[in-house]
Amino acid sequence: MKKISLFVFLVSSIAFAQDYGYLSGGFESNFKWYNDDPETGAFFDEENPGSDEHVRSNNYLKLDYTYKNWSAGVQLESYLPMPLLNYSPKYDDTGLSTFYAEYRSEKLKITAGYFYEQFGSGLILRAWEDRQLGINNALRGGRIVYRPTNNIMLTGLYGQQKEGFDVSEGHIFGFDTEIDMADIAKFKKFSLGLGASYVGRYQEADIEKPNFEELTNAFSGRLDFSKNSFYAAAEYVYKIEDAIVVRHQVNNNLVKPGNALLFNFGYAAQGLGINATLRRLENMDFFSDREAAGNDFNMNIVNYLPALTKQHDYLLTNIYVYQAQPRVYLGSNVLKAGEIGGQFDVYYRFKEGSSLGGKYGAKIALNASYWANLGGEYDYLNQDYSAEFFGFGEKYFSDINVEVRKQLSKNWKTIFTYVNQYYNKRYIEETHDIIKTNIGVAEVNHTLNEKQSLRLVAQHLWGKGDDGAANYTTNWAGATLEFNVNQQLSFYVSDIYNYTNDNPHPDVDTENIHYYNVGGSFTKGPHRLSLNYGRQRGGVVCVGGVCRYVPPSTGLSVNLSIVF
């Protein structure tokens with residue numbers, strides 16, 4: 001710790017002592033005190049059952065220094081006395097997490113150390129960080145980006161993926177090219193872009209006589225087109241044969257290739273927007289460490305496969321959240337090889353003064369998504385399958401929702417949302433239950449004066465099928481009240497409550513609990529401090545379609561973010 005403090009001091013002194021260069025950075029601290037709760041039970045850490053450490057924190061200090069065409073940076077992290085619940089146990093202690101040095105010119109960028117990168121949509125490669133999800137999949141190695149002309153960009157890289165304060169065993173090789181064909185051919189009425197990528201993962205096999213190559217190669221091609229208000233894009237990925245991994249065990253007898261197809265198109269005009277996204281994934285798990293496939297912490301993931309569904313904003317609409325199903329699983333009760341489906345969005349704005357828009361106009365948004373297993377033949381006894389390319393199998397999930405935004409007067413705004421969901425818990429979580437829900441949400445925003453405002457949200461969920469009983473009724477009610485004192489200071493209180501208890505299975509705990517939270521935040525420029533006390537419902541937390549599981553807990557949370 002002393003060495004890190006000295007290093008930070010020296011970097012800061014050098015940057016400010018000289019009359020050139022620029023030092024920037026940020027500090028983020030996430031602190032939580034977990035306490036015992038008579039309703040939810042005593043504090044318990046599922047990853048460290050013997051631990052009784054109630055106070056925990058995740059801390060990040062990032063420093064970047066730029067001088068002319070050169071830049072360098074470090075990220076220091078501390079997880080003391082222990083990381084927050086359900087973060088990887090490989091995040092421990094305090095240390096240097098990432099570092100890099102980079103040179104940039106008009107045509108060339110060279111990076112050494114840790115770096116983040118994405119090829120295309122990320123289907124084949126994405127190295128990124130999201131602290132809320134506990135993800136930092138940076139690559140440690142080198143990268144060269146070269147632009148021979150303004151319409152061609154070439155990227156080559158090599159690295160090992162970050163794994164806590166170390167790196168994984170696998171070696172990642174990558175090459176990507178992007179070509180602006182419309183610019184090359186001097187097309188002025190439309191744009192046309194082409195892209196191609198290669199990613200290889202080399203890892204020595206830990207088993208004798210493997211039926212798969214130690215170097216797993218993946219290739220992709222993509223096309224982007226737009227003209228006036230219309231746009232379309234397509235991307236295809238092929239991954240060569242590799243062993244299927246189930247519960248961190250390599251199955252040398254089940255070796256299959258993988259592929260992914262992504263297509264989206266849309267139309268945007270004044271007051272109208274239409275977008276559709278279709279995707280098919282088959283055996284598209286891709287990890288820098290084979291045996292890390294299916295881990296609970298999103299570590300070692302090479303590619304980016306978010307759930308393509310609407311990302312809802314409310315508490316009850318996020319109880320049953322879909323997660324992308326790219327992997328093969330041949331269990332006694334669940335047989336699946338990936339997913340196929342899509343989502344569709346329509347947005348329309350009614351003009352001010354129209355019969356439906358009224359004085360202030362109105363906005364309506366319709367979204368629908370549907371996801372299913374790949375159709376085909378599945379053989380559990382022989383651990384084999386044959387998937388149809390466009391076949392639909394067992395339904396995983398559907399979400400149909402409509403949102404209406406209407407301003408009633410100068411000081412009153414409303415949002416009304418209805419959501420219908422189907423959640424196949426057996427296939428998504430490999431447990432049991434098919435859950436069907438209907439959710440209604442009403443939100444009212446009232447402006448008190450130039451600085452102050454109130455926000456009230458009322459929610460209700462009607463559902464059937466959870467807790468091991470197909471006819472079990474589960475009803476939730478929720479509410480949120482938020483008071484914005486000014487642009488800097490705000491307070492809120494919220495609660496969700498499962499008030500139904502008609503489960504016919506007495507061995508299932510259905511005790512009704514209020515999951516209340518009370519807190520506030522203060523913002524000053526780029527700096528922010530927030531506090532919260534309350535209960536966390538056990539379930540998944542999602543950001544951008546990527547999720548992680550969080551266990552139930554009760555306690556005080558403090559978040560501090562400083563940017564300089």
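Buried here means under 20% relative accessible area, with exposed set at over 50% and partly exposed in between. Keep that in mind for the legends below, which all show a predicted model.

**Close-up 1. K90 and E163 make a salt bridge between distant parts of the chain.** The closest N and O atoms of this pair sit 3.2 Å apart. K90 comes from the loop between strand 3 (70-79) and strand 4 (93-104), while E163 belongs to strand 11 (residues 152-163), and 73 residues separate the two. Is E163 buried or exposed? E163 has 13% relative accessibility, so it counts as buried. K90, at 41%, is partly exposed.

**Close-up 2. R201 and D242 pair up across two strands.** Here the closest N and O atoms are 2.6 Å apart. R201 sits in strand 14 (residues 191-202) and D242 in strand 16 (residues 230-246), which puts the partners 41 residues apart in a contact between distant parts of the chain. R201 has a relative accessible area of just 1%, so it is buried. D242 is buried too, with 7%.

**Close-up 3. R405 meets E403 in a salt bridge.** The N to O distance between these side chains is 2.9 Å. R405 counts as partly exposed because its relative accessibility is 37%, whereas E403 is buried at 12%. A wider search of the whole structure turns up 20 salt bridges. Some link into a network, with E102, R104, E117 and R143 as its members.

**Close-up 4. Four acidic residues gather in a patch of negative charge on the surface.** The members are E169, E204, D206 and E291. Where does E291 sit? Look in the loop between strand 18 (272-282) and strand 19 (329-330). With 35% relative accessibility, E291 counts as partly exposed.

**Close-up 5. A nonpolar patch on the surface brings together leucines and valines.** L448, L454, L456, L481, V493 and V518 make up the patch, and their accessible area together is about 460 Å². One of them, L481, is part of strand 27 (residues 473-484). L481 has 40% relative accessibility, so it counts as partly exposed.

**Close-up 6. Strand 1 pairs with strand 2 and with strand 33.** Strand 1 (residues 22-34) runs antiparallel to strand 2 (residues 55-67), with 12 bridges joining them. Among the facing residues, N30 stands opposite N58 of strand 2. The pairing of strand 1 with strand 33 (residues 553-563) is antiparallel as well and takes in 9 bridges. In that pairing, Y34 has G555 as its bridge partner.

**Close-up 7. L80 and P81 are joined by a cis peptide bond.** Omega is about 0° at this bond. P81 falls in the loop between strand 3 and strand 4, and K90 from the opening view lies in that loop too.

**Close-up 8. K209 and Q383 have positive phi without being glycines.** For K209, phi is about 50°. This lysine lies in the loop between strand 14 and strand 15 (215-227). Its relative accessible area is 74%, so K209 is exposed. Q383 has a phi near 50° and is found in the loop between strand 22 (362-379) and strand 23 (384-407). With 24% relative accessibility, Q383 counts as partly exposed.

Terms used: Residues are numbered from 1 along each chain as its sequence is written. This is a predicted model: local features need pLDDT of at least 70, side-chain atom pairs count only at pLDDT 80 or more; totals for chains, interfaces and linings use all residues. Side-chain values use heavy atoms; hydrogens and water are left out. Patches are made of residues with over 30% relative accessible area and no salt bridge: like charges are joined within 9 Å, nonpolar side chains (Val, Leu, Ile, Met, Phe, Trp, Tyr) within 5 Å. Accessible areas come from the Shrake-Rupley method with a 1.4 Å probe; for residues, only the protein chains shown count as cover. Lys and Arg count as positive and Asp and Glu as negative; His and the chain ends are not counted. The place of a charge is taken as NZ of Lys, CZ of Arg, CG of Asp or CD of Glu. Helices (H or I, at least four residues) and strands (E, at least two) are DSSP runs, numbered from the N terminus. Buried means under 20% relative accessible area, exposed over 50%, partly exposed in between (1.4 Å probe, protein chains only). Two strands pair if DSSP finds at least two bridges between them.
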